[in-house]
Protein chains: 4
Amino acid sequence: MIGIGLIGYGYWGHKLARNFAAADGARLVAVADPDAARRQAAAHDHPSARIAADAAEIIEAPDIDAVVIATPPALHGALAVAALDRGKHVLIEKPPALDHRAARDIVGAARRAGRVLMIDHTFVFAPAVGTLAAIIRGGDIGGGDSGGGDNGELMFVESTRTNLARFDPTIGVIRDLAVHDIAILDHVLARRPVRVSARGRRIDGAPEDLAYLALDYGDGLIAHLHVNCISPVKIRRLTIGGSGGLAIYDDVEPVEKVRVFGRANGADLDALRTGYRSGPVRSPTIAPEEPLARVVRHFLACVHKGETPLTDGAFGLRVLAVVAAAERSLAAGGVPVAIEEA
Amino acid sequence: MIGIGLIGYGYWGHKLARNFAAADGARLVAVADPDAARRQAAAHDHPSARIAADAAEIIEAPDIDAVVIATPPALHGALAVAALDRGKHVLIEKPPALDHRAARDIVGAARRAGRVLMIDHTFVFAPAVGTLAAIIRGGDIGGGDSGGGDNGELMFVESTRTNLARFDPTIGVIRDLAVHDIAILDHVLARRPVRVSARGRRIDGAPEDLAYLALDYGDGLIAHLHVNCISPVKIRRLTIGGSGGLAIYDDVEPVEKVRVFGRANGADLDALRTGYRSGPVRSPTIAPEEPLARVVRHFLACVHKGETPLTDGAFGLRVLAVVAAAERSLAAGGVPVAIEEA
Amino acid sequence: MIGIGLIGYGYWGHKLARNFAAADGARLVAVADPDAARRQAAAHDHPSARIAADAAEIIEAPDIDAVVIATPPALHGALAVAALDRGKHVLIEKPPALDHRAARDIVGAARRAGRVLMIDHTFVFAPAVGTLAAIIRGGDIGGGDSGGGDNGELMFVESTRTNLARFDPTIGVIRDLAVHDIAILDHVLARRPVRVSARGRRIDGAPEDLAYLALDYGDGLIAHLHVNCISPVKIRRLTIGGSGGLAIYDDVEPVEKVRVFGRANGADLDALRTGYRSGPVRSPTIAPEEPLARVVRHFLACVHKGETPLTDGAFGLRVLAVVAAAERSLAAGGVPVAIEEA
Amino acid sequence: MIGIGLIGYGYWGHKLARNFAAADGARLVAVADPDAARRQAAAHDHPSARIAADAAEIIEAPDIDAVVIATPPALHGALAVAALDRGKHVLIEKPPALDHRAARDIVGAARRAGRVLMIDHTFVFAPAVGTLAAIIRGGDIGGGDSGGGDNGELMFVESTRTNLARFDPTIGVIRDLAVHDIAILDHVLARRPVRVSARGRRIDGAPEDLAYLALDYGDGLIAHLHVNCISPVKIRRLTIGGSGGLAIYDDVEPVEKVRVFGRANGADLDALRTGYRSGPVRSPTIAPEEPLARVVRHFLACVHKGETPLTDGAFGLRVLAVVAAAERSLAAGGVPVAIEEA
């Protein structure tokens with residue numbers, strides 16, 4: 001039984017608590033939050049957990065094996081380092097920190113401590129993203145890594161993610177929305193962009209409400225991302241095309257979230273010129289699981305077996321590096337900015 | 001009755017002939033083609049038309065008022081100038097010429113002759129494009145020009161046009177596919193890009209089979225176009241977002257080709273954060289007319305009334321200028337290239 | 001502040017409790033359930049509510065104004081009559097009772113007591129159903145009741161409701177699924193079927209897992225319903241066609257749940273013969289509200305103002321009468337069965 | 001080279017002529033039509049064919065091997081019998097005749113003559129229908145006939161076919177529209193209905209503009225068809241559900257006309273209760289061929305090899321018998337009518 005201590009009982013912390021409380025092999029031991037009303041809510045929701053005002057009571061507690069951090073990002077660094085230094089495993093709500101240096105400190109602390117560090121990039125754990133990753137890895141579309149054969153190549157990546165309003169009015173859509181696509185692509189494509197250029201729209205000094213990003217992978221592949229929070233309709237569509245076919249992941253679509261369009265060999269050229277598609281289409285079964293429940297299960301499994309999480313500290317650093325480079329490019333009017341290696 | 005002479009009886013010429021033969025107020029007087037088999041086909045299809053091997057027999061004929069040119073583009077210039085100099089009205093299959101200079105010569109000849117010159121940018125005459133142009137002009141989305149009020153502004157334009165195979169193996173997808181989007185946007189947005197950057201994919205020295213274009217309108221608006229001829233599914237989707245709403249034109253969709261998503265005022269912020277859309281959606285009625293029939297009717301009406309066609313010589317020059325600048329940008333690795341004014 | 005007492009803390013009771021606890025103008029005073037584990041759950045979820053094993057403690061309590069009954073249907077009748085006789089307002093999870101007689105007793109008790117009786121037909125309160133009802137009432141499709149004009153007529157109603165599995169293995173799909181369509185149509189069409197015929201499929205004596213119902217409204221209109229719990233894909237589609245247009249309510253569709261297809265006057269007959277649609281399409285804005293929250297709000301408003309609920313006892317009787325007639329028809333091999341008036 | 005003689009050069013005859021003229025292995029020898037304008041059109045379109053006013057010139061001609069009949073249905077019988085008696089193969093535009101007796105005479109004549117008789121039920125030859133038939137035959141859905149295994153069973157068939165206007169104002173929608181579904185189901189399901197009931201709507205004595213048909217296959221399977229010519233949107237959707245899965249054929253959908261929803265074994269019951277689907281979805285590749293071209297090719301192949309066409313005389317009789325029984329049921333107010341065996 002892994003003892004869990006949660007720091008921060010706001011919107012996301014409350015969801016994390018619910019999921020840990022429901023997970024096999026874990027026990028929600030304690031919750032800390034400086035806000036009295038939130039402590040009251042935590043006590044109501046989890047009567048068997050200890051409730052504290054001070055995060056130190058979590059970090060120091062001998063019956064807590066893993067610390068879950070869901071505070072404002074500015075506090076992530078100090079809390080995570082302290083917990084790791086105390087030998088706790090750590091799960092941090094994304095982003096790991098506001099800046100690269102603080103995030104690197106966390107990664108260093110995890111390495112020193114030999115403890116599991118995982119960043120909660122929830123969307124990476126959406127079942128449809130796992131399905132998409134398996135499709136790419138299997139080489140159906142191109143770019144697979146199943147050894148020993150020519151899996152063709154990936155040719156284009158296009159993503160549009162629009163929201164009807166801002167989630168967080170203090171940050172721009174690169175940090176608020178594009179971060180999800182950057183994380184998803186890191187996992188799905190299993191390669192890293194080397195350069196990013198970003199253009200956007202800022203009104204009256206507010207953070208950008210619309211941005212275009214071009215991620216250049218240095219091998220000919222470019223991923224184009226469009227994010228905005230000013231659309232009257234929600235669009236969540238990621239298209240990945242390769243020499244072997246094309247996959248569309250439409251997260252708004254309830255029934256067929258992922259569709260794979262195959263390329264037929266030997267098709268008639270005239271038919272191709274005027275036709276609507278060349279090969280069969282399939283839509284794999286996707287389990288209707290909640291992504292956050294999978295985050296929690298993965299973290300617990302890594303702690304249990306001593307394995308490295310999919311979204312470990314290095315993953316978090318990589319995503320952060322792309323976000324930071326994109327923001328620099330945006331500020332510089334769209335010039336390509338190299339992505340510093342973590 | 002406007003006497004029509006057609007030069008070139010290939011794939012497109014044959015369709016033009018059929019449409020002129022069926023149009024009110026026109027008579028297909030003669031068809032010229034140097035190829036014997038094509039002349040035979042023309043004679044079979046249009047028994048009452050004179051058939052000639054030599055284009056001069058069209059250009060010189062006193063009973064021909066308007067010359068329709070559907071030859072390979074390299075021949076457009078000389079034929080069009082000769083016809084205009086003889087006082088004929090001229091309709092040219094797009095592009096007006098292979099290079100800017102030849103195209104400008106045609107425009108100059110039309111001006112001197114005081115005759116109608118129209119470039120057959122067929123897709124601009126798709127009924128759905130007309131509907132889209134009216135929506136933008138009316139200011140529903142933003143960016144309208146209906147005088148005297150604040151119509152808001154356009155914020156983003158995204159287009160994806162994929163084909164399952166090349167139409168013309170000798171040219172790249174900028175010239176083959178993006179040209180349609182460039183022409184459509186010229187009409188729909190009623191503004192001109194000042195700069196374009198293009199990235200693409202070329203395999204073994206073949207013309208590019210995939211390209212991304214960013215058209216910069218100089219006023220903050222950027223249109224992103226993606227074209228390729230290597231997709232296993234046909235995608236034809238143009239999205240235009242503005243402060244007032246968003247329009248999606250999906251040419252593959254049979255029932256609702258154009259949908260307009262409105263933005264609701266006073267919507268609840270929490271509902272917006274998690275909702276799928278904010279306002280009503282409508283899909284205007286679109287007459288199921290053949291675009292080429294509308295091209296022919298528009299040309300005949302302009303000849304009849306002495307009016308300037310929507311896709312006149314200047315329009316053709318503008319499109320050509322964007323295409324040429326995009327190809328230069330592609331060759332230069334994606335640097336922005338200024339679009340020279342015609 | 002209306003004091004609420006809830007009897008039954010199972011799957012649905014738990015949801016009702018949550019919604020009453022969150023509603024303005026109500027206070028969840030007490031919860032009763034004979035099952036100890038459920039009482040424990042209720043105590044955990046609603047620490048400020050009294051928890052009892054015996055329903056009598058709810059019915060007798062002077063600080064309870066309204067009793068919410070979410071027990072197995074066989075118990076509804078006795079509990080509801082007792083509560084009404086004690087002067088309580090009553091909300092009953094659908095169905096009001098297992099048989100007509102018991103349901104009629106409840107309605108009689110409500111009339112004698114002069115108290116509000118509402119049946120929780122949740123789906124009738126789905127925002128999209130309200131939108132659909134308003135469309136029909138407004139006469140856009142036909143069959144409207146906006147006085148003084150000819151609103152045309154309704155011509156056909158088709159509904160398919162499939163589930164991937166049974167909700168309740170002890171009852172057939174008429175009682176489990178078709179009941180929702182019968183209730184929705186009662187509200188939306190604002191007319192009553194006079195006769196119903198039903199055919200279905202029963203395997204090895206189990207309740208029917210598939211059924212077709214034809215509701216005959218006696219005025220020429222027939223509604224065809226298909227329900228089953230053996231489909232590998234969820235279908236929730238209701239189509240209502242009239243002389244003025246057609247509405248499709250697709251509950252699986254996230255973005256455009258209700259679409260209204262208009263009929264264009266003066267359309268070209270040839271275009272109609274081969275076209276995809278004749279008039280404009282619109283998809284009204286639908287608030288993303290939870291149906292059960294609207295049930296609770298409506299009940300509280302009726303109690304507060306002494307008004308008759310939309311889904312009052314008579315509504316429940318009407319739905320029950322159609323269900324019972326359909327089951328008789330099914331048992332008799334599909335012969336039409338008259339629907340007895342409540 | 002099979003010599004073809006065509007009788008009737010109206011809307012459909014003109015299409016048949018074009019397809020025979022383009023087919024390998026056939027030569028359009030002669031066309032007959034009593035109408036002078038149509039003869040002129042035929043002469044223009046097919047300059048190498050003999051043109052006649054009198055059908056006898058087709059039937060008697062020694063250089064004609066096969067006679068194609070596209071006259072009004074009332075004339076089909078006499079012409080077909082005469083042609084068969086002269087030893088010609090015969091293709092008849094559907095229906096084979098207006099009444100059963102005349103149709104049976106044709107079938108008898110074909111049997112006596114030992115010649116190929118095919119009824120042009122074009123929609124049966126739509127590539128998507130062939131795909132659907134193969135899916136059913138293969139047992140993917142249930143009801144397959146691939147010997148030796150348990151293919152499960154078919155459980156429901158639902159079809160909606162709406163048109164925006166009447167094709168033929170003189171006949172009702174059973175004869176005009178439902179006939180297509182009856183023919184498609186005959187081929188796809190490979191079984192015959194034994195009984196049909198039909199309800200419909202007739203205004204002012206005009207033929208029915210809306211009809212519901214229930215085809216009872218006598219083995220528990222019932223197919224429900226809805227046809228009308230008064231819808232503002234075209235719906236062409238056929239759903240076939242079985243114990244193994246479900247297929248949807250939506251003819252309006254350009255990209256995925258046929259989708260097959262699989263049923264997952266061992267799926268979690270809770271997931272099924274609230275999920276959107278249980279197994280994978282696939283959409284097979286469908287060649288974009290013109291159905292009528294396939295009709296012509298099939299007829300020529302049968303003549304060439306002496307084989308029995310898919311839509312032979314018996315097929316035509318079966319479809320006619322269902323149509324006639326449905327019309328009788330409609331006239332009798334919906335009572336089930338037995339379908340007489342041909």
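This briefing walks through a sheet, a helix pair and the chain contacts of the structure above.

The model is predicted, so local features need pLDDT of at least 70 and side-chain atom pairs count only at pLDDT 80 or more, while totals for chains, interfaces and linings use all residues. Residues are numbered from 1 along each chain as its sequence is written, chains are lettered from A and ligands numbered from 1 in the order in which they are written, and side-chain values use heavy atoms, with hydrogens and water left out.

**The sheet in chain A**

- Chain A holds an open sheet of six strands in the order β3-β2-β1-β4-β5-β6, with parallel pairing; helices (H or I, at least four residues) and strands (E, at least two) are DSSP runs numbered from the N terminus, and two strands pair if DSSP finds at least two bridges between them.
- At the edges sit β3 (50–52) and β6 (117–120) of chain A, each pairing on one side only.
- On average, neighbouring strands of this sheet are turned by 20 degrees against each other, direction ignored.
- Four bridges join β5 (residues 89–93) of chain A to β6(A) in the parallel sense, and A:I92 has A:I119 as its bridge partner in β6(A).
- Helix α4 (residues 73–85) of chain A lies across β1 (2–7), β4 (66–69) and β5 of chain A, and runs at about 165 degrees to β5(A). Axes here are lines fitted to C-alpha atoms, for helices over the stretch in contact, and angles run from 0 to 180 degrees between N-to-C directions.

**A helix pair in chain C**

- The axes of α5 (residues 100–113) and α10 (residues 313–331) of chain C come within 9 Å and cross at roughly 170 degrees.
- α5(C) and α10(C) are therefore roughly antiparallel to each other (angles over 145 degrees count as such, under 35 as roughly parallel, 65 to 115 as roughly perpendicular and the rest as oblique).
- Among the residues in contact (heavy atoms within 4.5 Å) are C:R104 and C:V107 of α5(C) and C:L317 and C:L320 of α10(C).

**How the chains relate and meet**

- A turn of 180 degrees and a shift of 0.0 Å along the axis lay chain A on chain C with an RMSD of 0.1 Å (least squares on C-alpha atoms of residues with pLDDT of at least 70 in both). That is the relation of a two-fold axis.
- Chain A and chain B each bring 41 residues to their contact.
- About 3900 Å² is buried between chain A and chain B, 59% of it from carbon and sulfur atoms; buried area is the accessible area (1.4 Å probe) that two parts lose on being put together, summed over both.
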